[in-house]
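Good morning, and thank you for joining. I would like to take you through one structure this morning, beginning with its strands and then turning to its helices.

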Amino acid sequence: MEYMSCPQAAKKWSISERRVQKLCEENRIPGVSKIGYMWLIQKDAEKPTDKRRKK
């Protein structure tokens, strides 16, 4: 299993690094792990939908 860091996910999804960290804390990204202070996100993880937007 390959992982990416928060800065890598932020660049990939075009959102801020802090937003990625908050999504990890809120368990909105499946399959995340925390090692010390660093979040590890699976490379194939999908960007969570924005709950503020209505479809």
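Which residue of strand 3 is the bridge partner of Lys 34? In this predicted model, that partner is Trp 39.

Let me place this bridge in its sheet. Strand 2 and strand 3 pair in the antiparallel sense, over three bridges. The sheet as a whole is open and has three strands in the order 1-3-2, with antiparallel pairing. Strand 1 and strand 2, the latter spanning residues 33-35, are the edge strands, and each of them pairs on one side only. As a general reminder, strands of a sheet pair through backbone hydrogen bonds, in either a parallel or an antiparallel arrangement.

I turn now to helix 1. Its buried residues are Cys 6, Ala 9, Ala 10 and Trp 13. Why do they lie on the same side of helix 1? They do so because they cover an arc of only 100 degrees around the axis. The general background is that an α-helix has 3.6 residues a turn, so residues three or four places apart point the same way. In this model, the buried residues of helix 1 pack against strand 1, helix 2 and strand 3.

This brings me to the largest nonpolar core, which has twelve residues, among them Met 4, Trp 13, Leu 23, Trp 39 and Ile 41. At least two residues of this core come from each of helix 1, helix 2 and strand 3. Helix 1 gives the most, with four residues. In general terms, nonpolar side chains tend to be buried together in soluble globular proteins.

Met 4 deserves a closer look. Beyond its neighbours within four places in sequence, Met 4 is in contact with residues including Ala 9, Trp 13, Trp 39 and Ile 41.

Finally, I would like to set two serines side by side. Ser 5 lies in the loop between strand 1 and helix 1, whereas Ser 14 is found in the loop between helix 1 and helix 2. Is Ser 5 buried or exposed? Its relative accessibility is 15%, so Ser 5 counts as buried. Apart from neighbours within four places in sequence, Ser 5 is in contact with Met 38, Trp 39 and Ile 41. Ser 14, by contrast, counts as exposed because its relative accessibility is 65%. Ser 14 follows helix 1 and has a positive phi, near 60 degrees. Its C-alpha atom is separated by 9.8 Å from that of Lys 47, which is 33 residues apart from Ser 14 along the chain.

Thank you for your attention.

How values were computed
Residues are numbered from 1 along each chain as its sequence is written. This is a predicted model: local features need pLDDT of at least 70, side-chain atom pairs count only at pLDDT 80 or more; totals for chains, interfaces and linings use all residues. Side-chain values use heavy atoms; hydrogens and water are left out. Buried means under 20% relative accessible area, exposed over 50%, partly exposed in between (1.4 Å probe, protein chains only). A nonpolar core is a set of buried Ala, Val, Leu, Ile, Met, Phe, Trp, Tyr and Cys residues joined through side-chain atoms within 4.5 Å. Contact means heavy atoms within 4.5 Å. The arc is that of the directions from the helix axis to the C-beta atoms. Two strands pair if DSSP finds at least two bridges between them.
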